[in-house]
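Ready for some practice in reading a fold? Keep the viewer open and try each task before you look at its solution.

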Amino acid sequence: MDGELKDFLKASKLELGGADAALGDGHWRYGVDDNKIGWLVLDRTDASVNTISDAVLRELERHIEQIEADPPRALVMRSAKSAGFAAGADIRALATMDADETEKLLKEGHALLHRLEGLSCPTIAAIHGAALGAGFELALACDYRIAITGASFGLPEVRLGLHPGLAGTVRLPELIGPLAAMEMMLTGKTAHTKRAKEIGIVDLIVEERHLRPAVLAIAHGKVGKHNRGVMAKAFDLSAARSLAAERMRRETQKKAPKEHYPAPYALIDNWAQHGNDLDLMQEDEITSFAKLLQTDTSKNLIRAFMLRQTLKQGGQATDNIAKVHVIGAGIMGAEIAAWAAMQGKHVSVTDPDETALGQMVKQAMRICKDAHKDSLATRDTLDRLMPDPQGYGLRHADLVIEAGPENPETKASIFADLAKQMKAGAILATNTSSLQLAGLTDHVPDKARFAGLHFFNPVSKVPLVEVVSHKGTSADTRDRLMGFCTAIDRLPVAVADAPGFLVNRALMPYLLEALLLMDEGISKTRIDRAALDFGMPMGPVTLADQVGLDICLDVAESLNKSLDTPIAEIPSMLREKVEAGDLGRKTGRGFYDWSDGTPKPDSDDKISFDLTDRLILPMLNACAYCLREGVVGSVDELDAAMIFATGFAPFRGGPMQYAQARGHVALHARLKEFEKSHGVRFAPDPYWSKDA
């Protein structure tokens with residue numbers, strides 16, 4: 001924001017006059033400048049990010065009444081939060097409402113936005129940062145939308161088992177056409193600045209310093225108002241909507257089956273039935289939203305949203321880490337380094353292979369592109385990322401991350417060299433996925449400042465990081481590493497130094513069981529289909545290829561040596577693949593051929609409940625073990641870790657939430673049944689019977 005405007009927006013009280021001055025003390029502030037432009041500024045007093053709550057809407061109503069009585073030349077709505085316009089509805093408040101309460105709130109919200117839409121003066125939403133969900137719907141009720149460079153727009157309610165509820169299902173199709181609007185709403189995808197302008201969401205794109213002239217241009221009638229497109233009019237015909245809706249249902253079914261995710265289908269049905277009657281469409285939107293909010297899918301997806309916030313809150317400590325040195329520019333090291341640099345850390349990277357360092361820079365550019373960073377932000381990222389073959393950055397680093405081979409001797413050698421070069425007070429973290437830290441501590445410079453930072457591949461896509469503490473790790477080190485993860489926009493979960501830590505300990509029995517099923521003659525496509533039908537993002541055989549069969553073998557061997565409870569034997573086919581060099585995605589071939597991209601396993605065979613349980617129950621049993629042994633601190637942290645690291649069916653709320661829904665007694669009985677028929681690896685963990 002430019003200085004003058006920023007000061008104007010941040011003013012605690014604006015010149016409102018008389019009794020109306022109180023209207024500047026809440027979540028909204030309103031004032032009129034010398035050009036007779038009204039500025040209505042959202043700045044929630046109780047949060048660092050704007051969300052749209054009942055209180056926010058009620059305050060807005062009071063301001064609308066004032067503006068209706070004395071309209072300015074033009075009204076600008078914007079946010080005083082540096083984080084962006086508004087992040088959507090207040091999810092915590094929504095989650096506590098029953099259907100009747102929800103309907104009442106939505107009806108009042110619809111009426112209020114209708115009044116905003118009907119103001120006699122031009123209304124302009126000036127958006128910096130993100131306008132999501134209800135925040136975007138608020139902007140849609142305005143006549144014009146100005147995007148400050150870097151702004152983004154989205155209606156991600158589908159990720160909460162819902163669809164838009166403040167007339168977004170009506171206004172967005174009218175603005176940009178039904179097909180583009182439905183794609184945004186059905187996928188929850190975000191339209192960034194340039195794309196938003198291309199499809200008609202945004203009327204103008206400006207730098208912050210040019211916002212005032214843009215507003216004045218609109219106020220003086222120099223900017224044309226976006227009109228309803230020809231495409232929108234074409235879909236007034238019910239036959240056209242029916243054909244398009246059927247295609248939407250087919251495409252949606254591929255990724256979000258109706259039995260698991262009802263919201264997209266409710267959205268499609270509403271548009272197909274009422275797309276030429278906006279009043280009926282709004283009525284149906286309200287009723288449908290209120291019903292969806294009460295479904296198990298929505299409750300569990302909202303739970304997953306809350307769990308994300310829980311992990312973020314766990315990393316609130318100040319990390320005091322400005323400079324990071326990464327040892328190893330392989331797949332993991334390169335991703336860690338590039339991601340940290342993109343998030344503002346200064347990163348140096350050492351690797352004896354200078355080609356790998358060059359590839360790391362290219363990977364950083366790809367990550368920036370995928371994150372919609374402009375050329376300036378990409379340049380800044382590369383300026384912070386230093387290929388450092390001689391290791392000069394090591395002496396200045398606040399945090400050193402070792403991302404070398406999964407070999408104890410290699411790591412011991414690396415750690416011995418570090419003792420001579422790391423500065424006092426620096427933290428050393430290893431990215432090991434299979435080695436226990438206790439076996440490495442004899443070689444580190446400072447045991448209290450040594451811990452694990454277990455990132456998952458790819459770091460730029462998988463948000464979870466396991467922060468692993470061995471017995472000698474200091475609380476300060478753990479807290480700073482948790483804070484570091486949050487500072488680089490990852491989700492930290494604190495775990496103990498146990499075999500496989502948490503995620504791999506829970507995931508490996510699932511993967512091994514899939515391979516045993518293949519040994520028994522069941523096709524890999526049928527096995528993967530069973531997992532996909534359960535709600536996993538990919539099947540276990542595909543996942544093993546994705547992770548890397550060599551890594552799977554390392555983790556499986558480590559667990560077999562270390563665990564005091566039995567897991568599945570390592571199938572010979574896994575060793576054979578690794579010995580042949582067919583390691584999965586990274587070599588182009590594993591159990592699947594990856595030459596044409598990610599495999600899409602399918603099967604016409606009926607998937608039995610027994611097959612699904614053969615895969616899922618070993619994972620649940622391992623999760624129970626981790627809770628009972630204190631590997632992770634709580635059910636919530638465990639469920640969050642499994643959702644955000646493995647994609648465990650989020651509509652089920654996490655493994656332990658799913659276990660709770662099935663019932664611990666029933667799970668215990670089912671495991672006993674499988675123990676009898678398939679072996680001791682299915683013996684129920686004592687956790688299941690502790691409350692019986």
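The exercises below work through a predicted model, from strands to rings to a single arginine.

**Exercise 1. Strand 11 and its partners**

Task: Find which strands pair with strand 11, and work out in which sense they run.

Solution: Begin with strand 11 itself, which spans residues 323-327. Of its 5 residues, 4 are buried, so the strand is mostly covered. Next, look to strand 12 (residues 346-350): 5 bridges join it to strand 11, and the two run parallel. Then turn to strand 14 (residues 399-402), which pairs with strand 11 over 4 bridges, also in the parallel sense. His 325 is a handy marker here: it stands opposite Ser 348 in strand 12 and opposite Val 400 in strand 14.

**Exercise 2. The handedness of a crossover**

Task: Trace the chain from strand 11 to strand 12 and decide whether the β-α-β crossover is right-handed or left-handed.

Solution: Start from the pairing of the two strands, which run parallel. On the way from strand 11 to strand 12, the chain passes through helix 15 (residues 331-342). Now point the strands away from you and follow the path over the helix: clockwise means right-handed. This crossover is right-handed.

**Exercise 3. Rings meeting rings**

Task: The structure holds 7 aromatic pairs; classify the pair formed by Phe 674 and Phe 682.

Solution: The ring centres of Phe 674 and Phe 682 are 5.4 Å apart, with 85 degrees between the planes. Planes over 60 degrees apart count as edge-to-face, and that is the class of this pair. Check the surroundings too: Phe 674 counts as buried because its relative accessibility is 2%, and Phe 682 is buried at 0%. Tyr 687 and Trp 688 also form an edge-to-face pair, 5.5 Å centre to centre and with 85 degrees between the planes. Both of these residues are buried. Elsewhere, ring pairs link Phe 534, Phe 648 and Tyr 658 into a cluster.

**Exercise 4. Charges over rings**

Task: Which rings have the charged end of Arg 505 or Lys 524 over them?

Solution: Take Arg 505 to begin with: its charged end sits over the ring of Tyr 625, 4.6 Å from the centre. Lys 524 lies over the face of Tyr 592, at 5.2 Å from the ring centre.

**Exercise 5. An arginine in helix 28**

Task: Is Arg 670 buried or exposed, and what does its side chain contact?

Solution: Locate Arg 670 in helix 28 (residues 664-678). Its relative accessibility is 11%, so Arg 670 counts as buried. The side chain makes a polar contact of 2.6 Å with the side chain of Asp 610. Leaving out residues up to four places away in sequence, Arg 670 touches Phe 609, Asp 610, Asp 613, Leu 617 and Arg 662.

Key. Residues numbered from 1 in each chain as written. Predicted model: local features only at pLDDT ≥ 70, side-chain atom pairs only at ≥ 80, totals over all residues. Heavy atoms only, no water. Phe/Tyr/Trp six-rings, centres within 6.5 Å; stacked < 30°, edge-to-face > 60°. Buried < 20%, exposed > 50% of the residue type's maximum accessible area, 1.4 Å probe, protein only. Lys NZ or Arg CZ within 6 Å of the ring centre and 35° of its normal. Pairing = 2+ DSSP bridges. Polar contact = N/O pair within 3.5 Å; in protein donor to acceptor, adjacent residues only side chain to side chain. Contact = heavy atoms within 4.5 Å.
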